[in-house]
Amino acid sequence: MVHRRELDGKELVFGNQGALWGNAMTWWDHDTGTVWSQPLGEAIVGPRTGARLDPLPVELTTWASWRDAHPATVALDADAGRSGFDLSLMAIVVDFGTEQVAYAVKAVREAGVVSDTVAGVPIAVFVDADRWRVFSRTVDYAVVELRYRNGELIDEVTGSVFDPVVGIATAGPLEGQVLDRLPAFTSFPGDFDTFWPDGRHWPA
């Protein structure tokens with residue numbers, strides 16, 4: 001997960017606090033010493049307790065898939081051992097503050113795309129091979145109903161065709177419109193239950 005490190009107009013500087021909370025990393029901010037939970041993006045001990053950072057869109061994928069979609073990317077080249085996660089064992093987490101939902105990657109991959117509503121926001125969760133996205137389904141004040149076919153997202157209402165990587169409509173009445181990408185991140189299902197015990201799993 002990635003969070004914006006600006007709070008109330010102030011840019012914060014974070015470090016690794018060293019201890020685990022809920023079996024996950026904690027940070028500390030340099031100006032107050034407040035301790036923050038990484039998964040929640042929330043201050044849990046110190047002067048800023050209860051404050052929350054805004055989440056940003058992020059994805060866990062392979063370097064090959066990322067480079068294919070973003071060929072101009074510059075990356076740090078450093079000697080290191082191979083590491084990674086099996087995406088199929090994880091869930092895509094959407095946290096809109098008042099409601100949190102975990103979408104099992106295997107189930108979403110089988111469905112192609114999942115249309116859902118979280119905290120009143122119509123969303124689409126898409127998984128194909130080793131990439132995934134969470135989009136808003138609201139386009140030009142209307143809600144699209146998406147299905148996945150032959151590598152494309154199709155709006156069942158207008159027949160418009162959307163690119164599932166960048167969310168741009170490439171054909172149909174909505175051509176040129178963009179599905180806004182929403183903040184989400186991957187987590188192991190057990191970790192989701194630790195941090196959001198009242199959260200919802202899809203499929204139920």
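**Close-up 1. Helix 1 gives the lining of the largest cavity its largest share, three residues.** This is a predicted model, and the count here comes to one cavity of 30 Å³ or more. Its volume is about 40 Å³. Around it you'll find E59, T61, S65, W66, A69, H70, R131, R133 and V165. Two elements give two or more residues to that lining: helix 1 (63-69) and strand 13 (131-136). As for chemistry, the lining is an even mix, with three nonpolar, three polar and three charged residues.

**Close-up 2. Y103 and W202 make a tilted ring pair.** The structure holds eight aromatic pairs, and this is one of them. The ring centres of Y103 and W202 sit 6.3 Å apart with the planes at 35°, so the pair counts as tilted. Y103 belongs to strand 10 (residues 100-104) and W202 to strand 21 (residues 200-202), so the two rings tie together parts that are 99 residues apart in sequence. What about burial? Y103 counts as buried because its relative accessibility is 0%, while W202, at 25%, counts as partly exposed.

**Close-up 3. F185 and W196 form another tilted pair.** Here the rings are 5.9 Å apart, centre to centre, with 45° between the planes. F185 is in strand 20 (residues 185-187), and W196 is in the loop between helix 3 (189-195) and strand 21. They are eleven residues apart, and the pair links distant parts of the chain. Are F185 and W196 buried or exposed? Both are buried. Zoom out a little and ring pairs link W21, F185, F192, F195 and W196 into a cluster.

**Close-up 4. The largest nonpolar core has 16 residues.** Which of them touch the most other members? That would be I92, V94, Y103, I123, V125, W132 and V134. The elements giving two or more residues to this core are strand 9 (91-95), strand 10, helix 2 (105-111), strand 11 (113-118), strand 12 (121-128) and strand 13. Strand 12 supplies the largest share, three residues. Apart from this core lies another, of twelve residues, with A124, F135, F162 and L179 among them. As general background, nonpolar side chains in soluble globular proteins tend to be buried together.

**Close-up 5. V94 and its contacts.** Leave aside the neighbours within four places in sequence, and V94 is in contact with E99, Q100, V101, Y103, V118, I123, V134 and A184. Y103, I123 and V134 are also named with V94 among the core members that touch the most others. Y103 turns up again in the tilted pair with W202.

**Close-up 6. A cis peptide bond joins W202 and P203.** Omega is about -5° for this bond. P203 lies in the segment after strand 21, and W202 is in strand 21 itself. For context, most peptide bonds are trans, and most residues other than glycine have a negative phi.

**Close-up 7. D8 and A119 are non-glycine residues with positive phi.** For D8, phi is about 55°. Where is D8 found? Look in the loop between strand 2 (6-7) and strand 3 (10-11). D8 is exposed, with a relative accessible area of 79%. A119 has phi near 50° and sits in the loop between strand 11 and strand 12. With a relative accessible area of 32%, A119 is partly exposed.

Note on methods: Residues are numbered from 1 along each chain as its sequence is written. This is a predicted model: local features need pLDDT of at least 70, side-chain atom pairs count only at pLDDT 80 or more; totals for chains, interfaces and linings use all residues. Side-chain values use heavy atoms; hydrogens and water are left out. On a 1 Å grid over the protein atoms alone, a cavity is a set of points where a 1.4 Å probe fits but cannot get out, and a pocket is an open set with protein on both sides within 12 Å along at least five of seven lines; lining residues have an atom within 4 Å of a point. Grid points are joined across faces, edges and corners, and a volume is the space filled by probe spheres set on the points. Helices (H or I, at least four residues) and strands (E, at least two) are DSSP runs, numbered from the N terminus. Ala, Val, Leu, Ile, Met, Phe, Trp, Tyr, Cys and Pro count as nonpolar, Asp, Glu, Lys and Arg as charged, and the others, Gly among them, as polar. Rings of Phe, Tyr and Trp (its six-membered ring) pair if their centres lie within 6.5 Å; planes under 30 degrees apart count as stacked, over 60 as edge-to-face and the rest as tilted. Buried means under 20% relative accessible area, exposed over 50%, partly exposed in between (1.4 Å probe, protein chains only). A nonpolar core is a set of buried Ala, Val, Leu, Ile, Met, Phe, Trp, Tyr and Cys residues joined through side-chain atoms within 4.5 Å. Contact means heavy atoms within 4.5 Å.
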